[in-house]
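Please open the structure in your viewer and keep the selection panel at hand. The stops below go from one residue outward to the elements around it.

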Amino acid sequence: MKLIETPLNSNVNLETLYPNLMQYMFNNRKAIKLLKLYAYDRTKIIYADRFDTITLLLLNRQRKISHQEVDTIIHRLLKVDRQAVTVDVGYKKQILEAGMRPKENYKDMIAIEYKVPQK
């Protein structure tokens with residue numbers, strides 16, 4: 001499968017596309033250096049680079065995201081092994097317990113966090 005970067009126009013804001021997810025994901029966090037949107041098969045990936053960490057949010061509306069897909073996405077986007085990142089497979093449950101209701105109904109949500117080594 002192909003990993004495709006979805007172009008974001010300058011007038012499109014990810015908070016408009018995913019209001020509750022972005023509010024929960026970036027609440028009380030450092031500034032964001034870079035935001036990108038990717039697609040891997042039917043999984044949407046939000047890539048957020050904060051100077052010291054990189055966060056990936058994987059979203060799929062139709063099915064659960066497989067272990068192999070997570071490994072492939074980590075390898076292609078972050079160029080590291082799974083052991084170097086923190087994978088939160090219970091992210092959907094956390095969001096629902098926090099009272100956030102996503103605009104769309106997602107079957108699976110996974111958060112991946114990678115602490116960038118300081119040079």
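The tour that follows is of a predicted model, and it begins at a single side chain before turning to the sheet.

Select Asp108 first, which you will find in strand S6, spanning residues 108-115. Is Asp108 buried or exposed? Asp108 is buried and yet takes part in no salt bridge, the nearest side chain of opposite charge being that of Lys64, 4.3 Å away. Because a salt bridge is counted here within 4 Å, that pair falls outside the cut-off.

Next, add Ile65 to the selection and display its backbone nitrogen, which lies 2.8 Å from a polar atom of the Asp108 side chain. To see the wider surroundings, extend the selection to Leu58, Leu59, Asn60, Arg63, Lys64 and Ile65, with which Asp108 is in contact once its neighbours within four places in sequence are set aside.

Now switch to a cartoon view and follow the open sheet, in which six strands are arranged in the order S1-S2-S3-S4-S6-S5 with antiparallel pairing. At its edges are strand S1 (3-6) and strand S5 (86-88), each of which pairs on one side only. Neighbouring strands of the sheet are turned against each other by 20° on average, direction ignored.

Zoom in on S5 and S6, which run antiparallel and are joined by three bridges; selecting Asp88 will lead you to its bridge partner in S6, Ala111.

Finally, select helix H3 (residues 67-78), which packs on the sheet and touches S1, S2, S3, S4, S5 and S6, while its direction makes about 140° with that of S4.

Technical notes: Residues are numbered from 1 along each chain as its sequence is written. This is a predicted model: local features need pLDDT of at least 70, side-chain atom pairs count only at pLDDT 80 or more; totals for chains, interfaces and linings use all residues. Side-chain values use heavy atoms; hydrogens and water are left out. Helices (H or I, at least four residues) and strands (E, at least two) are DSSP runs, numbered from the N terminus. Buried means under 20% relative accessible area, exposed over 50%, partly exposed in between (1.4 Å probe, protein chains only). Lys and Arg count as positive and Asp and Glu as negative; His and the chain ends are not counted. A polar contact is a pair of N or O atoms within 3.5 Å; within protein, one must be able to donate a hydrogen and the other to accept it, and residues adjacent in sequence count only if both atoms are side-chain atoms. Contact means heavy atoms within 4.5 Å. Two strands pair if DSSP finds at least two bridges between them. Axes are lines fitted to C-alpha atoms, for helices over the stretch in contact, and angles run from 0 to 180 degrees between N-to-C directions.
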